[in-house]
Each structure stands twice: as structure tokens, then as C-alpha cells.
Amino acid sequence: MRVLLIGANGYLGRFVADRLLADPAVQLTALGRGDDADVRFDLASGSPGALTRFLDAVHPGVVINCAGATRGGARELTRHNTVAVATVCEALRRSGCGARLVQIGCGAEYGPSQPGSSTAEDAVPRPGGPYGVSKLAATELVLGSGLDAVVLRVFSPAGPGTPAGSPLGRLAEAMRRAMQSGDGELKLTGLGAQRDFVDVRDVARAVHAASLSAAQGVINIGSGRAVRLRDAAAVLARVAGYGGALHELDGPPVPLRPSIGHPRADSDHMLHATHASHAAHPGHAAPVAYPYPDGCGSWQQADVRTARDRLGWRPRINLEESLGDIWMEAACRI
């Protein structure tokens with residue numbers, strides 16, 4: 001099976017590439033903006049005609065799009081997440097290859113949901129920010145393209161390679177700095193949000209399964225459990241061997257034995273941290289809480305029954321293992 005993978009050098013794309021390369025039945029071609037891509041092509045600025053000519057030459061059976069942007073203003077997000085997908089869809093319509101399209105969407109397309117609820121694929125999307133809007137527009141383009149296509153709405157990916165700017169990445173970096181400087185107390189703020197974390201390697205398995213299936217439409221990819229960031233912080237401290245005290249400045253103390261996945265509706269913040277030693281110096285400002293960047297409010301949990309029924313997929317890697325891998329990478333920077 002010839003597979004064209006777009007965005008192979010990104011956070012998710014790297015693990016999708018590894019998964020596909022492990023399948024001896026797959027002949028993989030990587031298309032992207034980097035020098036190490038098999039073919040260099042910028043979806044945001046390249047023409048559908050140029051991509052069509054490449055598709056006709058390679059003749060893939062499956063096109064997987066992992067490319068996109070998670071940061072930037074509305075214009076940049078639209079260019080990389082929506083215009084780029086429009087280019088892919090138009091090129092596939094023009095091409096004679098007849099390839100199946102696997103598009104990577106995101107849970108942010110749904111927007112805020114009711115605490116305690118699980119969001120299924122038939123929920124009405126109401127994205128709460130420009131990122132979710134740009135990804136939802138891409139999904140609508142794919143679903144209306146008439147192509148053999150499936151959109152995997154990935155909730156909150158975690159595990160090795162987690163970006164340092166993500167909430168879990170920021171948490172690991174704050175803990176690394178505390179351990180490096182010998183701080184016996186780590187003060188945190190913004191741990192109230194609850195998210196459905198799914199390991200990137202499980203995401204890669206889902207993409208592989210979707211490329212082999214005949215499933216169409218939208219399929220959620222998540223763990224099916226919402227986890228409080230404050231509980232993730234306590235688990236990370238245990239994994240890291242951090243013996244200091246964790247204090248949440250805008251909520252209750254972080255429990256020593258967290259109950260991962262226990263429903264709780266709290267304020268909507270992104271993680272920020274300060275060390276106790278810093279707090280003792282007047283020159284250091286107190287931490288400030290900012291909105292969680294995905295625009296999904298205080299709670300998000302996926303209903304993943306469709307992935308089980310239509311892809312035969314279930315998550316295998318628990319959050320503690322994902323956090324352990326995040327910490328191993330952070331610890332290498334000590």
C-alpha cells in the first residue's frame with residue numbers, strides 16, 4: 001500500500017511515520033516543508049495543480065494529513081489548518097489516484113462541553129477559539145469534498161515529544177527547574193481544567209487503523225476519561241521523584257494520591273508556576289493564570305465508542321506512562 005504522509009516531521013506525524021514504517025506492507029512517502037521530507041511542498045502556499053501532478057506521479061492509495069499549526073493568530077491558523085486542507089481536497093479531486101484521505105482533526109472543534117459529559121461525534125461543534133474554528137472549517141471541507149475520507153478528532157495528545165509550551169510540557173519544565181535548583185516547594189496555578197489525554201503512540205495506531213479501514217465521517221480519538229491537571233501534576237511529581245510540596249495558588253492543595261479521571265468542574269486556566277524561593281524575592285511577580293489555549297472551557301471528555309466499533313481501536317497506554325515519558329525528556333535537560 002502506497003501511503004503519502006503530510007506533516008511527517010510534526011508532533012503527531014513523527015509517530016504516525018514510525019508506525020507506518022513498521023508495517024512491511026506500507027510504502028511510505030513523506031511530504032512536507034522540511035529538508036528531510038521526501039518531497040518538499042508547502043500546503044499553505046502551494047497550488048492544488050502542483051500537488052495533483054505529484055499525486056498522479058506517486059499514485060498513493062492513502063493520503064494522511066498530519067500537518068497544521070496550533071499557535072498563531074487567526075490568519076496564520078486559517079492558512080495552515082484550513083487553506084492547506086482545501087489544497088489537499090482539491091488536488092485529490094483532480095487526481096486520478098483515487099486515494100483515501102485520513103485527516104487529523106482535534107477535540108477543540110467541539111468547544112466547551114458540560115462537566116461530567118462525554119462528547120460524541122454527533123455533538124454540535126461550537127469551537128471557543130480561532131484554532132478550533134480553523135480545524136472545524138478543515139473538517140467541513142473534508143466531509144463535503146465527496147472523497148473517500150475520514151477525520152480523526154484527536155483530543156489532548158500526550159507522551160514523548162510533548163511540546164514544551166503545552167500544559168503538560170510546562171508542568172514538566174516547572175518541576176525540572178524546581179529539582180535543579182533544589183526548591184522544596186513548587187507553587188502552581190491554573191490546574192483546574194480537565195482534559196482527555198491520549199498517548200501519541202495510541203494516536204498513531206488509530207491513524208494506521210483508519211488508513212486500512214473503510215470508515216468515513218468523524219471519529220473521536222481519546223482515552224474516554226477526563227483528568228484534572230492538578231491530578232496530573234501529582235502523578236508527575238511521583239514519577240519524577242520530586243519530594244517537595246506542591247501548592248496550587250488558585251485552588252485546593254494538590255492531593256498526594258490523585259484519583260485520575262475523577263470528574264470535577266473547575267476554573268479554566270493554563271498552567272503557570274513559580275518556585276518558593278522566587279516567591280521570597282520581591283523582584284519576582286506572582287504567577288498569572290491565562291485561559292487554557294484550546295477554547296474548550298473547564299472540561300472535555302471524548303466518547304470513543306465509534307473508534308472501538310469502526311476501527312477496532314482502544315487506547316493502550318495509560319497517562320502515568322505518558323507522563324513518565326514526558327518527564328524522561330524533561331529530565332535530560334537537567
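This is a short walk through a few helices and loops of the structure above. The model is predicted, so keep that in mind as you turn it on your screen.

Let's begin with helix H1, residues 11–21, and helix H6, residues 200–212. Two packed helices are described by the angle between their axes and the distance between the axes. For H1 and H6, the axes come within 8 Å and cross at roughly 60°. That angle makes H1 oblique to H6. The crossing also has a hand: H1 passes H6 in a right-handed way. Which residues do the touching? On the H1 side you will find Tyr11, Leu12, Phe15, Val16, Arg19 and Leu20. On the H6 side, Val200, Arg201, Val203, Ala204, Arg205, Val207 and His208 take part. Sorted by class, the residues of this contact are 9 nonpolar, 1 polar and 3 charged.

Now move along the chain to helix H2, residues 48–58. Its buried residues are Gly49, Leu51, Thr52, Phe54 and Leu55. What covers them includes strand S1 (2–6), strand S2 (27–32), strand S3 (39–40), strand S4 and helix H3. Just after H2 comes His59, with a positive phi near 55°. That positive value belongs to a residue other than glycine. His59 sits in the loop that leads from H2 to strand S4, residues 62–65. Is His59 buried, exposed or partly exposed? Its relative accessible area is 40%, and because partly exposed covers the range between 20% and 50%, His59 is partly exposed.

His59 has a contact worth finding, and that brings us to Cys97. Cys97 lies in the loop between helix H3 (74–94) and strand S5 (100–106). Leaving aside residues up to four places away in sequence, Cys97 touches Leu55, Asp56, His59, Pro60 and Leu92. Leu55, you may recall, is one of the buried residues of H2. The C-alpha atoms of Cys97 and Ala57 are 8.9 Å apart, although 40 residues separate the two along the chain. How does Cys97 count, as buried or exposed? A residue is buried when its relative accessible area is under 20%, so Cys97, at 10%, counts as buried.

Our last stop is helix H7, residues 229–240. You can check its length yourself: at 1.5 Å a residue, the 12 residues of H7 should span 16 Å, and its end C-alpha atoms are indeed 16 Å apart. How much of H7 is covered? Of its 12 residues, 10 are buried, so the helix is mostly covered. The buried ones include Leu229, Arg230, Asp231, Leu236 and Ala240. Around the buried residues of H7 pack helix H5 (167–181), strand S8 (185–189), strand S10 (197–199), strand S12 (227–228), strand S13 (245–248) and helix H10.

Look more carefully at H10, residues 319–331, which packs against H7 at an angle of about 60° with the axes 9 Å apart. H7 is therefore oblique to H10, and their crossing is right-handed. In this contact, Ala232, Val235, Leu236, Arg238, Val239 and Ala240 of H7 meet Glu320, Leu323, Gly324 and Trp327 of H10. By class, the contact holds 7 nonpolar, 1 polar and 2 charged residues. Finally, follow the chain past the end of H7 and you reach Gly241, whose phi is positive, near 75°.

Note on methods:
Residues numbered from 1 in each chain as written. Predicted model: local features only at pLDDT ≥ 70, side-chain atom pairs only at ≥ 80, totals over all residues. Heavy atoms only, no water. Axes fitted to C-alpha atoms, helices over the stretch in contact; angles between N-to-C directions. Helix = DSSP H or I, 4+ residues; strand = E, 2+ residues; numbered from the N terminus. Parallel < 35°, antiparallel > 145°, perpendicular 65-115°, else oblique. Left-handed = near helix turned anticlockwise from the far one by under 90°. Contact = heavy atoms within 4.5 Å. Nonpolar A, V, L, I, M, F, W, Y, C, P; charged D, E, K, R; others polar. Expected span 1.5 Å × (residues − 1). Buried < 20%, exposed > 50% of the residue type's maximum accessible area, 1.4 Å probe, protein only.
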